[in-house]
Amino acid sequence: MNSSQITLVGAYGSPYSMKMRAVLRYRHIAHRWIVRNSSQDRGLPEPPVAIIPVLVFHGEDGGYSDAMVDSSPQIMRLEGVYQGRSLLPTDPVVAFLDHLIEDYGDEWVTKIMYHYRWHHLYPDAIGKAGNMLPLMSNNQMDPDQHHQMKAFIIDRQTNRTALVGSTEQNRPVIEESFIRLLGIMEKHLTDHQFLLGDRPGRGDFGIFGQCSQLFFWEPDSALLAASHSPRSIIWAYQVDDLSSHDVGGDQGWLTRQNLPTTLHDLLCEIGQTYAPFMVANDRALASKEEEVICSIQGAEYRQAPFPYQRKCLMWLRESFADLSTEDQESVKQLLDGTGCEVLVADERD
Ligand SMILES: N[C@@H](CCC(=O)N[C@@H](CS)C(=O)NCC(=O)O)C(=O)O
């Protein structure tokens, strides 16, 4: 495929859009970046669901061919089409862990992001997001319209906090998990530029997407990040545009033999938050319950079930099933004692 056949439609305030833009920049995939609903957003094919980011492929004739949503499948589709600067670690065991870390970023850290933007305890964040989000698609918006859109967005988004779990009851769970993540990242980044070696993987981009908001948009979380993990902030600046980062072929990845203890710490964190939530969500949907209830770090966490996250768990389990028996054993050993075992456990175990 020639290299100018991609359009990414997104928004500056959308974590997954920032994730995908960073992926395209790092991978040297020539692309056009279009802000949704801006004057440039014209004539593009409709995605299957009205969410962003949308990745649009161009056909042979220069017209648009198809449009897809969901950042993880987008990353994997690009891997199939473009060679070089791959996000996939060469050791399949490490590649599985990378998939897991990406999904933790996308599906758990996103709760932290939404919380620090829209929870009622953070009025400065609500005011800031309300002011800025409408202008992203039109910075010359009429002041009256700006005022109305601000009120509309704030009303809609603050009424959705419970959907992602940002409630009074869950607040300590979400906030404490952010502080722990920052502590782990700070230690890890003291010795490593990226999560899995000298080059970024899917996990870096997944966590980065959410942090692009938590660190650079939301005032309360930005202050917490600056005091708990300044290195994470610099890492996020780096991941946002790695176009000049040199990689040698498929070199630079950690392997299953040399994973640092800080990566184990990250897996333990994932095993205390994302893992119990994803498994409980899956069970709640299977038994048609109205609420997901699980224990996270000894506290009871509750929210409504989320069908998309069930699909994510299924994809993760499929990746595990695709590994050789020997690689599956290695993954199990690495996850032993982290809390993540439940993600790959045979239902009969
Ligand atoms: N699973 C998707 C999530 C994309 C997503 O949820 N996008 C949000 C914005 S960050 C959205 O478009 N939401 C639609 C809405 O809130 O109406 C991905 O990985 O890209």
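In this predicted model, a nitrogen atom of the ligand lies 2.7 Å from a polar backbone atom of I52. The protein buries 74% of the 520 Å² that the ligand exposes when taken alone. Two further polar contacts reach the ligand through side chains, and the table sets the three side by side.

| Ligand atom | Protein partner | Distance |
|---|---|---|
| nitrogen | I52, polar backbone atom | 2.7 Å |
| nitrogen | D70, side-chain N or O atom | 3.0 Å |
| oxygen | R160, side-chain N or O atom | 3.1 Å |

Where does the ligand sit? You will find the ligand in the largest pocket. Around the ligand are S14, P15, Y16, I51, I52, P53, D70, S71, R160 and Y308. By class, this shell holds six nonpolar, two polar and two charged residues.

**Two shell residues in loops**

I52 is worth a second look for its link to the next residue. A cis peptide bond joins I52 to P53, with omega at about 0°. P53 itself belongs to the loop that runs between strand 2 (32–35) and strand 3 (54–58). Both I52 and P53 are among the residues surrounding the ligand.

D70, whose side chain has an N or O atom 3.0 Å from a ligand nitrogen, is in the loop between strand 4 (64–69) and helix 2. Is D70 buried or exposed? Its relative accessibility is 19%, so D70 counts as buried, the cut-off for that class being under 20%. If you would like a sense of distance from here, try E329: D70 and E329 are 259 residues apart in sequence, and their C-alpha atoms are 30 Å apart in space.

**A buried serine and two histidines**

Moving on to S166, this residue has its place in the loop between helix 5 (143–158) and helix 6 (171–191). S166 is in a loop, yet it is buried, with a relative accessible area of 3%. Which side chains make polar contacts with the side chain of S166? One is that of H115, at 2.9 Å. Another is that of H119, at 3.2 Å.

**Positive phi angles outside glycine**

Two loop residues have a backbone angle that you may want to check on screen. R85 is not a glycine, but its phi is positive, at about 50°. K288 also has a positive phi without being a glycine, and its value is near 55°.

Their surroundings are easy to look up. R85 is in the loop between helix 2 (71–81) and helix 3 (92–118), while K288 is in the loop between helix 11 (274–286) and strand 5 (292–296). R85 has a relative accessible area of 14% and is therefore buried. K288, at 74% relative accessibility, counts as exposed.

**A buried threonine in a helix**

To finish, turn to helix 10 (residues 261–272), where T262 is found. How buried is T262? The relative accessible area of T262 is 9%, which means that the residue counts as buried. T262 and E186 are 76 residues apart along the chain, and 9.4 Å separates their C-alpha atoms.

How values were computed
Residues numbered from 1 in each chain as written. Predicted model: local features only at pLDDT ≥ 70, side-chain atom pairs only at ≥ 80, totals over all residues. Heavy atoms only, no water. Near = heavy atom within 4 Å. Polar contact = N/O pair within 3.5 Å; in protein donor to acceptor, adjacent residues only side chain to side chain. Areas by Shrake-Rupley, 256 points an atom, 1.4 Å probe, with all protein chains shown as cover. 1 Å grid on protein atoms, 1.4 Å probe; cavity = no way out; pocket = protein on both sides within 12 Å on 5 of 7 lines; lining within 4 Å. Sits in = over half its atoms within 2 Å of the grid points. Nonpolar A, V, L, I, M, F, W, Y, C, P; charged D, E, K, R; others polar. Helix = DSSP H or I, 4+ residues; strand = E, 2+ residues; numbered from the N terminus. Buried < 20%, exposed > 50% of the residue type's maximum accessible area, 1.4 Å probe, protein only.
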